[in-house]
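Here is a note for a colleague who is meeting this structure for the first time. The points below take up side-chain pairs and helix packing in turn, and each can be followed with the model on screen.

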Amino acid sequence: MKHDGYADYYLADILRTTRVIALVGASPNPERPSNRVMAFLLRKGYRVIPVNPGQADREIHGQKVYARLADIPEPIDMVDIFRAAPALPGVVDEVLAVSPLPKVIWGQLSVRDDAAAARAEAAGIRVVMDRCPAIEYPRLIG
């Protein structure tokens with residue numbers, strides 16, 4: 001799939017069918033975008049599981065933080081990535097080791113690596129890059 005643009009129906013379908021989101025790079029700092037996006041997603045009814053090795057076993061917005069995706073004890077629908085673009089291949093490796101596989105990998109604004117996306121897509125995972133669900137949700141869902 002080309003990742004230069006996404007059809008609205010593609011993004012809306014992901015946002016409507018997702019229930020559980022692992023947010024990689026979650027921060028307890030309310031000034032950080034990951035913290036604000038996590039709060040937004042929680043308000044919209046998603047179950048959001050923060051992932052940050054430096055915050056493991058603490059809480060962000062009342063949700064237990066896990067060190068790694070593999071530590072999360074429940075299936076994940078979407079992995080939302082708040083890491084620098086060069087970290088994306090490693091996160092995709094971590095995602096591909098999770099069972100069952102998440103349905104979606106969503107790279108936040110400026111998070112893009114086409115080769116990493118191709119590996120995820122080859123495993124049947126839908127990919128969105130360089131987008132923010134907190135921007136797309138109000139635009140597409142309301």
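1. A salt bridge joins D13 to R126, whose side chains meet at 2.8 Å, N to O. The partners come from distant parts of the chain, since D13 sits in helix α1 while R126 belongs to strand β7 (residues 126–128), with their positions 113 residues apart in sequence. D13 counts as partly exposed, at 33% relative accessibility, and R126 is likewise partly exposed, at 27%. Please keep in mind throughout that this is a predicted model.

2. Salt bridges in the structure number 11, and a second one to look at is formed by the side chains of D4 and R112, at 3.0 Å from N to O. Because D4 lies in the segment before α1 (8–17) and R112 in the loop between β6 (104–107) and α4 (114–122), this pair ties together parts that are 108 residues apart in sequence. With a relative accessibility of 62%, D4 counts as exposed, whereas R112, with a relative accessible area of 31%, is partly exposed.

3. A further salt bridge brings together the side chains of R119 and D93, at 2.7 Å from N to O. This pair also links distant parts of the chain, with R119 in helix α4 and D93 in helix α3 (residues 88–96), 26 residues apart. R119 counts as partly exposed at 34% relative accessibility, and D93 counts as partly exposed at 43%.

4. Which residues are linked in a network of salt bridges? The network consists of D8, R131, E136 and R139. As general background, side chains of opposite charge can pair when their charged atoms come close.

5. Three of the network's members return in the packing of two helices, for D8 of α1 and E136 and R139 of α5 are among the residues that make the contact between these helices. The axes of α1 and α5 come within 10 Å and cross at roughly 105°, which makes α1 roughly perpendicular to α5. On the side of α1 the contact is made by D8, L11, A12, L15 and R16, and on the side of α5 by P133, E136, Y137, R139 and L140. Sorted by class, the contact of α1 with α5 holds 6 nonpolar and 4 charged residues, and no polar ones.

6. Helix α5 also packs with α2, and here the axes come within 9 Å and cross at roughly 35°. From α2 the residues in contact are V37, F40 and L41, and from α5 they are P133, A134, Y137 and P138. By class, the contact of α2 with α5 has 7 nonpolar residues, with no polar and no charged residues. It may help to remember that two packed helices are described by the angle between their axes and the distance between the axes.

7. Which residues of α2 are buried? They are S34, N35, V37, M38, A39, F40 and L41, and the elements against which these buried residues pack are β1 (20–24), β2, β3 (59–60), β4 (63–64), β5 (78–81) and α5. After α2 comes G45, a residue whose phi is positive, near 95°.

8. The structure holds 3 aromatic pairs. In one of them, the ring centres of Y6 and Y10 are 5.9 Å apart and the planes are at 10°, so this pair is stacked. Y6 and Y10 are both buried. Another aromatic pair, formed by Y46 and Y137, is edge-to-face, with 6.2 Å from centre to centre and 80° between the planes.

9. Where do the two partners of that edge-to-face pair lie? Y46 is in the loop between α2 (33–43) and β2 (47–51), and Y137 is in helix α5 (residues 133–140), so the pair ties together parts that are 91 residues apart in sequence. Y46 is buried, with a relative accessible area of 6%, and Y137 is buried as well, with a relative accessible area of 12%. Ring pairs link Y46 and Y137 with F40 into a cluster, and F40 is one of the α2 residues in contact with α5.

Terms used. Residues are numbered from 1 along each chain as its sequence is written. This is a predicted model: local features need pLDDT of at least 70, side-chain atom pairs count only at pLDDT 80 or more; totals for chains, interfaces and linings use all residues. Side-chain values use heavy atoms; hydrogens and water are left out. Rings of Phe, Tyr and Trp (its six-membered ring) pair if their centres lie within 6.5 Å; planes under 30 degrees apart count as stacked, over 60 as edge-to-face and the rest as tilted. Buried means under 20% relative accessible area, exposed over 50%, partly exposed in between (1.4 Å probe, protein chains only). Helices (H or I, at least four residues) and strands (E, at least two) are DSSP runs, numbered from the N terminus. A salt bridge is a side-chain nitrogen of Lys or Arg within 4 Å of a carboxyl oxygen of Asp or Glu. Axes are lines fitted to C-alpha atoms, for helices over the stretch in contact, and angles run from 0 to 180 degrees between N-to-C directions. Angles under 35 degrees count as roughly parallel, over 145 as roughly antiparallel, 65 to 115 as roughly perpendicular and the rest as oblique. Contact means heavy atoms within 4.5 Å. Ala, Val, Leu, Ile, Met, Phe, Trp, Tyr, Cys and Pro count as nonpolar, Asp, Glu, Lys and Arg as charged, and the others, Gly among them, as polar.
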